[in-house]
Amino acid sequence: QVQLIESGGGLVQAGGSLRLSCAASGRTFSNYMLGWFRQAPGKEREFVARITWSTGSTNYADSVKGRFVISRDNGKNTVDLQMNSLKPEDTAVYYCAARRSVSARYEYWGQGTQVTVSS
């Protein structure tokens, strides 16, 4: 059974940092792309960042570029999202997700972790 379990959310002041982690289990993700998404109250879920597990290639939403860094740890089977210079508009539930390729839908999702940035 595939599981993606997020952790690391919390409350932080604007300008602060948080590190989210996604623990992946239940299959080999070496051929997958792992992504982070977020959903703020009353808004659509939006893409934040993704990483190709095999190559380490990354992509970011413009809104987080230069502030967030996505990385993976092959030994621990985790994908982390280091979030720096946080803004109140970064407040959302953050989700980890996995898909087989850039043309495939994200088929596995975690339960989400709340990030709240106070001004």
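## Close-up views of a predicted model

**View 1. Asn 77 is found in the loop between strand 7 (68–73) and strand 8 (78–83).** Welcome to the first stop in this predicted model. The backbone of Asn 77 has a phi near 55°, which is a positive value in a residue other than glycine. Is Asn 77 buried, partly exposed or exposed? Its relative accessibility is 23%, so Asn 77 counts as partly exposed; the partly exposed class starts where buried ends, at 20% relative accessible area. Asn 77 also appears among the contacts of Ala 23, a residue with a legend of its own below.

**View 2. Ser 85 sits in the loop that lies between strand 8 and strand 9.** Here again phi is positive in a residue other than glycine, with a value near 50° for Ser 85. The relative accessible area of Ser 85 is 42%, so this serine is classed as partly exposed. The upper limit of that class is 50%, above which a residue counts as exposed.

**View 3. Cys 22 and Cys 96 are joined by a disulfide.** How many disulfides does a search of the whole structure find? The search turns up one. Its sulfur atoms lie 2.1 Å from each other, and the angle of -75° about the S-S bond makes the link of Cys 22 and Cys 96 left-handed. The pair ties distant parts of the chain together, with Cys 22 in strand 3 (residues 18–25) and Cys 96 in strand 9 (residues 92–99), 74 residues apart. Both Cys 22 and Cys 96 are buried.

**View 4. Ala 23 belongs to strand 3.** This alanine has a relative accessibility of 34% and therefore counts as partly exposed. Which residues does Ala 23 touch, leaving aside those up to four places away in sequence? They are Gln 3, Leu 4, Ile 5, Asn 77 and Thr 78. For a sense of scale, Ala 23 and Glu 107 are 84 residues apart in sequence, and their C-alpha atoms are 16 Å apart in space.

**View 5. Ser 71 is a residue of strand 7.** With 25% relative accessibility, Ser 71 counts as partly exposed. Once residues up to four places away in sequence are set aside, Ser 71 touches Arg 19, Ile 51, Thr 78, Val 79 and Asp 80. If you would like a distance to check on screen, try Ser 71 and Ala 49: they are 22 residues apart along the chain, and 9.9 Å separates their C-alpha atoms.

**View 6. Ile 51 has its place in strand 5 (residues 46–52).** Is this residue buried or exposed? Ile 51 has a relative accessibility of 2%, so it counts as buried. Not counting residues up to four places away in sequence, the contacts of Ile 51 include Tyr 32, Met 33 and Leu 34. They also include Gly 56, Ser 57 and Thr 58, as well as Ile 70, Ser 71, Arg 72 and Val 79. Leu 34 is 17 residues from Ile 51 along the chain, with 5.4 Å between the two C-alpha atoms. Val 79 is also touched by Ser 71, the subject of the previous legend.

**View 7. The protein chain that frames these close-ups has eleven strands and zero helices.** Starting at the N terminus, its elements read β-β-β-β-β-β-β-β-β-β-β. The radius of gyration is 13 Å, close to the 14 Å that the globule rule gives for 119 residues, so the protein chain is as compact as a globular protein of that length. Taken along the principal axes, the C-alpha atoms fill a box of roughly 40 × 25 × 25 Å. Among contacts in the protein chain with a separation of 6 or more, 55% come from residues 24 or more positions apart.

**View 8. Of the 119 residues in the protein chain, 43% count as buried.** How much area does the protein chain expose? The figure is about 6,100 Å², and carbon and sulfur atoms supply 45% of it. For anyone interested in charge, there are 14 positive and 9 negative charges in the protein chain, and their mean positions are 5 Å apart.

Terms used
Residues are numbered from 1 along each chain as its sequence is written. This is a predicted model: local features need pLDDT of at least 70, side-chain atom pairs count only at pLDDT 80 or more; totals for chains, interfaces and linings use all residues. Side-chain values use heavy atoms; hydrogens and water are left out. A disulfide is a pair of cysteine sulfur atoms within 2.5 Å. Helices (H or I, at least four residues) and strands (E, at least two) are DSSP runs, numbered from the N terminus. Buried means under 20% relative accessible area, exposed over 50%, partly exposed in between (1.4 Å probe, protein chains only). The radius of gyration is taken over C-alpha atoms; the globule rule is 2.2 Å times the number of residues to the power 0.38. Contact means heavy atoms within 4.5 Å. Accessible areas come from the Shrake-Rupley method with a 1.4 Å probe; for residues, only the protein chains shown count as cover. Lys and Arg count as positive and Asp and Glu as negative; His and the chain ends are not counted. The place of a charge is taken as NZ of Lys, CZ of Arg, CG of Asp or CD of Glu.
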